[in-house]
Amino acid sequence: MRDLHLSLNQTQRVRLQAALDQLESDASSTAASAASVTVADTIPVNHEDNILKGHGTSDLDGQVVATLCGVVERVNKLVYVRALRSRYKPEVGDIIVGRVIEVAPKRWRLEINFSQDAVLMLSSMNLPDGIQRRRTAVDELNMRSIFIENDFICAEVRGFQHDGSLHLQARSQKYGKLEKGQLLTVPPYLVKRRKQHFHHLEQYDVDLILGCNGFVWVGQHVDTTTKESTLLSDEPSDKEETNNAVPPETRRNICRIANAIRLLSVIGLTLSVESVTETVEESVRANVQINEMLGAEFYVQTVEREAQRRASLVRKRR
Amino acid sequence: MEYVNPLTGLRIDGRRPTEMRHLKAQIGVVSKADGSALFEMGNTRVIAAVYGPREVQNKGQQMNNTEALVRCEYSMANFSTGDRARKPKGDRRSTEISLVIRQTMEACILTKLMPRSQIDIFVQVLQADGGTRSACINAATLALADAGIPMRDIVTSCSAGYLCTMPLLDLNYAEDSAGGPDVTVGILAKMDKVTLLQMDAKLPLDTFETVMQLAIEGCKAIAQYIREIMLQNTKQLECRRGS
């Protein structure tokens, strides 16, 4: 257990062990753990087929040997090892959340849980007045008014640079600076690539962005259809809008959703909108205080619920 | 002082000459690190944390931009030895052991796969009872595997000595400070290659070969244990994650 140091009493320990055993037995019935390998394990391959050795494998005396701890995946002739806990592996078109660490000439450098920092060019970013024009030297001098160090930005991966670092773009209205919320870091393998990464939870008035790099943003809902970048505007009415404090009810909802994500990532369950909303609803139904969501009792209950859910899925499949 | 009892053939802690201390390992102890592990060999307890691959912090240190830069830092906690240590970092022994661990791990990490990045390995000794170097290397291997950093093979390390005309495996502090020779061996377990070989004091060549062979046997046993721990951890993570 990585983050939470919980003191479980005897019954909770027994219940937790029973639920975890049930999870493990369900998984083995789907043969997921059969393909696990560790470093320097030989991967069984049929040597007659011309097997393509993918990521996480290497050749040792004609045998295919794993270089990572993970699960062996086979796709037609490709054999590769999918590592579980590792840094983010980017793909073009991924939606990520990054933190600005440097304002450099004509670009911002973002930290995104990758082996190198990503670059967001000034030309890949919408100007505050929204006009599409050539970036001038004045724009370059005003970069600091758009994003500054330690701002959180939502962007999309545009491609790779020649040295392997990422090139980002934030041209659409839904990308850009993230305000009035919390950022959570979870292991990237828990965030699956889906069609939608931006979620608007209506009943809580909260935006949830599941970045593929493991940075998850939970914040007050921002209406992107009527969003106008008021960053350089001097009208007092717009300034009032952006300076409005977040109401306490929304703050509580943000904290509850954030705690649900923390709990799911500590247990090791895949993060999705469904699992997060289910955990939040369950905590509201059971009248769990927001801070108690990270406590021992709710932790054990969540694991038990997940074990039951998977068992019912397996039964349905049969 | 008799380190091996002539009547029973047992050492001062009750082990047989070719018996290793009890091993225990735990993965994922430092939550902020990309990979971490706690490794115990008897009373020696060591914690390793790995950060990386991440952006190179000091551009001046980046020699080669086709490979990852591996940095290692060894330190002993103040409370790890019998007498509370004065300055646990920066003294000659720590610098030497940091260098040794760095070279050992660099030999097994596939640095060419992660150019322009940096991998930091921090090892700290929580309890020192002989064999800290070996425990650090074993802990670092586990931490690197936890962080998902590609490696050629599992590196394990073990020490052996020669006291009372008998080769002894896995010396503890009392046996180590007896003044006899202490051979530390680090091997790539599957490829059967030696990456670390250190000895203090003198030994005749044939005795040295026996002692080194004993240490290699110890390394292989540790590799077996480490492999089981890694496999168990991988299976656990995978089945919790679900489909």
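This is a short tour of a predicted model, stop by stop.

**Before you start**

Residues count from 1 along each chain as its sequence is written, while chains are lettered from A and ligands numbered from 1 in the order in which they are written. Because the model is predicted, local features need pLDDT of at least 70 and side-chain atom pairs count only at pLDDT 80 or more, whereas totals for chains, interfaces and linings use all residues; side-chain values rest on heavy atoms, with hydrogens and water left out.

**Stop 1: the small strands of chain A**

Select residues 36-37, 52-53 and 70-75 of chain A. Residues 36-37 are β1 and 52-53 are β2; residues 70-75 are β5. Helices (H or I, at least four residues) and strands (E, at least two) are DSSP runs, numbered from the N terminus. Two strands count as paired if DSSP finds at least two bridges between them.

What order do the strands of the open sheet take? The order is β1-β5-β6-β2 (chain A), four strands with mixed pairing. The edges are β1 and β2 of chain A, each pairing on one side only.

Zoom in on β1(A) and β5(A). They run antiparallel and share two bridges. Label V37(A) and G70(A): the two residues stand opposite each other.

**Stop 2: the β10 neighbourhood in chain A**

Now select residues 91-171 of chain A. UniProt, in an unreviewed entry, places "domain: S1 motif" there. UniProt positions follow the numbering used here, feature names are shortened, and annotations may be inferred rather than shown by experiment. This stretch is 11% helix and 46% strand. Its end C-alpha atoms are 18 Å apart.

Colour β10(A), residues 152-160. Three pairings are worth tracing:

- β7(A), residues 95-104, pairs with β10(A) in the antiparallel sense over five bridges. R99(A) has F152(A) as its bridge partner.
- β12(A), residues 176-178, runs antiparallel to β10(A) and is joined to it by three bridges. Here I153(A) stands opposite K177(A).
- β11(A), residues 166-170, pairs antiparallel with β10(A) over four bridges. V157(A) stands opposite L168(A).

Follow the chain from β10(A) into β11(A). The two strands form a hairpin with five residues between them. Stop at G164(A) in the turn: phi is positive, about 100 degrees.

In general, strands of a sheet pair through backbone hydrogen bonds, either parallel or antiparallel.

**Stop 3: a salt bridge inside a helix**

Select E282(A) and R285(A). Their side chains meet in a salt bridge, 3.3 Å from N to O. The rule asks for a side-chain nitrogen of Lys or Arg within 4 Å of a carboxyl oxygen of Asp or Glu. Both residues sit in helix α6(A), residues 273-285; because they are three residues apart, about one helical turn separates them. Over all chains the count comes to 37 salt bridges.

**Stop 4: where chain A meets chain B**

Show both chains. The contact (heavy atoms within 4.5 Å) takes 40 residues from chain A and 39 residues from chain B. About 3500 Å² is buried between them, with carbon and sulfur atoms giving 52%. Buried area is the accessible area (1.4 Å probe) that two parts lose on being put together, summed over both.

How many salt bridges cross this interface? The rule finds four. Pick D34(B) and R87(A) as one of them: the closest N and O atoms are 2.9 Å apart.

Now colour the side of chain A that touches chain B. α1 (10-29), β1, β5 and α7 (296-317) of chain A each supply at least two of its residues. The largest share, three residues, comes from α1(A).

**Stop 5: chain B**

Select residues 19-150 and 153-218 of chain B. UniProt, again in an unreviewed entry, places "domain: Exoribonuclease phosphorolytic" at these residues. Narrow the selection to 153-218. The chain there is 27% helix and 42% strand, and its end C-alpha atoms are 17 Å apart.

Go to G52(B) and P53(B). A cis peptide bond joins them, with omega about -5 degrees. P53(B) lies in strand β3(B), residues 44-55.

Finish at D170(B). Its phi is positive, about 60 degrees, although it is not a glycine. D170(B) is in the loop between β7 (166-169) and α3 (173-176) of chain B.
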